[in-house]
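Colleague: I am new to this structure and would like to go through it in questions and answers. Please show it, and then we can begin.

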Amino acid sequence: KSYLFGVYRYDADKFGAYDPQQSVTAGYGRELMKSDRHRLLGEIGIGYRKSEPLDGSETTDEMIGRFLLDDIWTITANTAWNNRLLIEAGSDNTFSQFNTGLVVSMSERFAVKLGWEYRHNSDIPASVTDKTDTLTTANLVYNF
């Protein structure tokens with residue numbers, strides 16, 4: 001139920017405020033809830049983040065706290081709904097990311113996934129006009 005983790009995150013976003021944004025974190029995770037159809041994981045940790053503003057201004061390096069909630073709900077035998085909230089908070093910027101997706105299996109190997117992602121930086125360079133990005137996706141998934 002409990003585990004230690006180490007995570008390296010590299011985020012290249014040509015349309016966001018920072019490209020790239022990298023973080024390394026370590027911490028403690030726990031399975032908060034588990035049933036036949038539902039599973040909720042939580043993680044908390046500390047680490048380091050390096051953010052390079054898209055406009056070429058000064059790169060920021062900072063210590064961060066990391067918080068993650070990962071929720072997986074099996075609706076039917078072939079349908080699942082996934083939700084993930086990630087927050088990396090530092091003294092210069094707080095990065096938040098929320099993903100939600102619906103996965104429908106068509107066979108043992110193939111599935112369709114519809115997803116939506118929300119990304120937010122609390123502090124952005126002056127040349128960037130929006131703190132928030134959203135992404136809508138539709139994917140064909142092949143399971144090995």
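Colleague: Is Ala111 buried or exposed?

Modeller: A residue is buried under 20% relative accessible area, exposed over 50% and partly exposed in between, with a 1.4 Å probe and protein chains only. The relative accessible area of Ala111 is 1%. That value is under 20%, so Ala111 is buried.

Colleague: What kind of model is this, and from which number are residues counted?

Modeller: This is a predicted model, in which local features need pLDDT of at least 70, side-chain atom pairs count only at pLDDT 80 or more, and totals for chains, interfaces and linings use all residues. Side-chain values use heavy atoms, with hydrogens and water left out, and along each chain, as its sequence is written, residues are numbered from 1.

Colleague: In which strand is Ala111?

Modeller: Strands (E, at least two residues) and helices (H or I, at least four) are DSSP runs, numbered from the N terminus. The run of residues 110-121 holds Ala111. Its name is strand E7.

Colleague: Which residues does Ala111 touch, leaving out those up to four places away in sequence?

Modeller: A contact means heavy atoms within 4.5 Å. On that basis Ala111 touches Val103, Val104, Ser105 and Met106, among others. The list also includes Asn139, Leu140 and Val141.

Colleague: How many helices and strands does the chain have?

Modeller: From the N terminus on, the elements run β-β-β-β-β-β-β-β. The chain therefore has, by the DSSP runs, zero helices and eight strands.

Colleague: What share of the residues of the chain is buried?

Modeller: The chain has 144 residues, and its C-alpha atoms fill a box of roughly 50 × 35 × 25 Å along the principal axes. The share of residues that count as buried is 33%.

Colleague: Where is Ser96, and is Ser96 buried or exposed?

Modeller: Ser96 lies in strand E6, residues 94-105. Leaving out residues up to four places away in sequence, Ser96 touches Leu86, Ile87, Tyr118, Arg119 and His120. With a relative accessible area of 17%, Ser96 is buried.

Colleague: How far apart are the closest N and O atoms of Asp19 and Lys14?

Modeller: Side chains of opposite charge can pair when their charged atoms come close. A salt bridge here is a side-chain nitrogen of Lys or Arg within 4 Å of a carboxyl oxygen of Asp or Glu. Asp19 is buried at 13% relative accessible area, whereas Lys14 is exposed at 61%. The two form a salt bridge, and their closest N and O atoms are apart by 2.8 Å.

Colleague: Which strands hold Arg49 and Glu62?

Modeller: The side chains of Arg49 and Glu62 meet in a salt bridge of 2.7 Å, N to O. The pair ties together parts that are 13 residues apart in sequence, because Arg49 and Glu62 lie in strand E3 (residues 38-53) and strand E4 (residues 60-76).

Colleague: How many residues separate Glu88 from Arg49?

Modeller: These side chains also meet in a salt bridge, at 3.7 Å from N to O. Glu88 is in strand E5 (residues 79-90) and Arg49 in strand E3, so the pair links distant parts of the chain. Glu88 is buried at 1% relative accessibility and Arg49 at 0%. Their separation is 39 residues.

Colleague: Which residues are linked with Arg49 in a network of salt bridges?

Modeller: The whole structure holds 11 salt bridges. Glu62 and Glu88 belong to the network with Arg49. The rest of its members are Arg9, Asp11, Asp13, Glu117 and Arg119.

Colleague: How far is Gln22 from Tyr8 in space, C-alpha to C-alpha?

Modeller: Gln22 is in strand E2, residues 18-34. Among the residues Gln22 touches are Tyr8, Arg9 and Arg49. Tyr8 is 14 residues away from Gln22 in sequence, and in space the distance is 7.4 Å.

Colleague: How many aromatic pairs are found, and what is the angle between the planes of Trp73 and Trp81?

Modeller: Rings of Phe, Tyr and Trp (its six-membered ring) pair if their centres lie within 6.5 Å; planes under 30 degrees apart are stacked, over 60 edge-to-face and the rest tilted. The whole structure has four aromatic pairs. Trp73 and Trp81 form a tilted one, 6.0 Å centre to centre, with an angle between the planes of 50°.

Colleague: Which residues do ring pairs link into a cluster?

Modeller: Trp73 is partly exposed at 33% relative accessibility, and Trp81 is partly exposed at 36%. The cluster linked by ring pairs is made of Phe110, Tyr142 and Phe144.
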